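User: I am learning how words such as buried or salt bridge are applied to a protein model. Could you take me through the reasoning, setting each value against its definition?

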Amino acid sequence: QVQLVESGGGLVQAGGSLRLSCAASGRTFTFSNYVMGWFRQAPGKEREFVASIASDGHSTNYADSVRGRFAISRNNAENAAYLQMSSLKPDDTAVYYCAACYTSLPATSVSHNYQYDYWGQGTQVTVSS
């Protein structure tokens, strides 16, 4: 059984920063075989892609709405992925989910919900104006 657990969400003022973490575990789960992604879902909206990082960390991909403000990273030795969010805006308010996709494809090829095999429970990020 694979578990993805997000942490680091909270309430922040516009212009502020937050760092989300995603801890992965599972008896047969080899973290370094998975592309890791972050998605978000705002109230009344569909879940949308935010960022992804290749299994080896050598490529990343971002939604246009966050490019230049967010940075995704991973530590394969610690089975963890991160999302550093800066210059936050009220429109960034959402539940943020991390997800894992078993593939060797580059991060730019993995940006759709249906491509991901495992999901975390989500962490709330609220940006006040």
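Analyst: What follows goes through the cysteines, the charged pairs, one proline and the nonpolar core in turn. This is a predicted model, in which local features need pLDDT of at least 70 and side-chain atom pairs count only at pLDDT 80 or more, while totals for chains, interfaces and linings use all residues. Residues are numbered from 1 along each chain as its sequence is written, and side-chain values use heavy atoms, with hydrogens and water left out.

User: Why is the link of C22 and C98 called a disulfide?

Analyst: The term asks for a pair of cysteine sulfur atoms within 2.5 Å, and the sulfur atoms of C22 and C98 are 2.1 Å apart, so the pair qualifies. A search of the whole structure finds one disulfide. The pair links distant parts of the chain, as C22 lies in strand β3 (residues 18-25) and C98 in strand β9 (residues 94-102), 76 residues apart; strands are DSSP runs of E with at least two residues, numbered from the N terminus. With 50° about the S-S bond, the link of C22 and C98 is right-handed.

User: What makes C22 and C98 count as buried or exposed?

Analyst: Buried means under 20% relative accessible area, exposed means over 50%, and partly exposed is in between (1.4 Å probe, protein chains only). C22 has 1% relative accessibility and therefore counts as buried, and C98, with a relative accessible area of 0%, is buried too.

User: How do you know whether C101 is in a disulfide?

Analyst: The nearest cysteine sulfur to that of C101 belongs to C98 and is 13 Å away, and C101 is in no disulfide. C101 is called buried because its relative accessibility is 5%.

User: Why are R40 and E48 said to form a salt bridge?

Analyst: A salt bridge is a side-chain nitrogen of Lys or Arg within 4 Å of a carboxyl oxygen of Asp or Glu, and R40 and E48 have an N to O distance of 2.6 Å, so they meet the definition. R40 is buried because its relative accessible area is 6%, whereas E48, at 35%, is partly exposed.

User: Which other residue forms a salt bridge with R40, and where does it lie?

Analyst: D92 does, the closest N and O atoms being 2.9 Å apart. D92 is in the loop between β8 (80-85) and β9, while R40 is in strand β4 (residues 34-41), and the two are 52 residues apart. D92 is buried, as is R40.

User: What makes R67 and D64 a salt bridge, and how exposed is each of them?

Analyst: Their closest N and O atoms are 2.5 Å apart, so the pair satisfies the 4 Å limit. R67 has 45% relative accessibility and so counts as partly exposed, but D64 has 66% and so counts as exposed. Elsewhere, salt bridges that share partners join R40, E48, R69 and D92 into one network.

User: Why is P106 called partly exposed?

Analyst: Its relative accessibility is 36%, so P106 falls in between the two limits. P106 is placed in the loop between β9 and β10 (118-119).

User: Which residues touch the most other members of the largest nonpolar core?

Analyst: A nonpolar core is a set of buried Ala, Val, Leu, Ile, Met, Phe, Trp, Tyr and Cys residues joined through side-chain atoms within 4.5 Å. Of the 37 residues in the largest one, M36, W38, L83, M85 and Y96 touch the most other members. Strand β9 gives the most to this core, with six residues.

Technical notes
Helix = DSSP H or I, 4+ residues; strand = E, 2+ residues; numbered from the N terminus.
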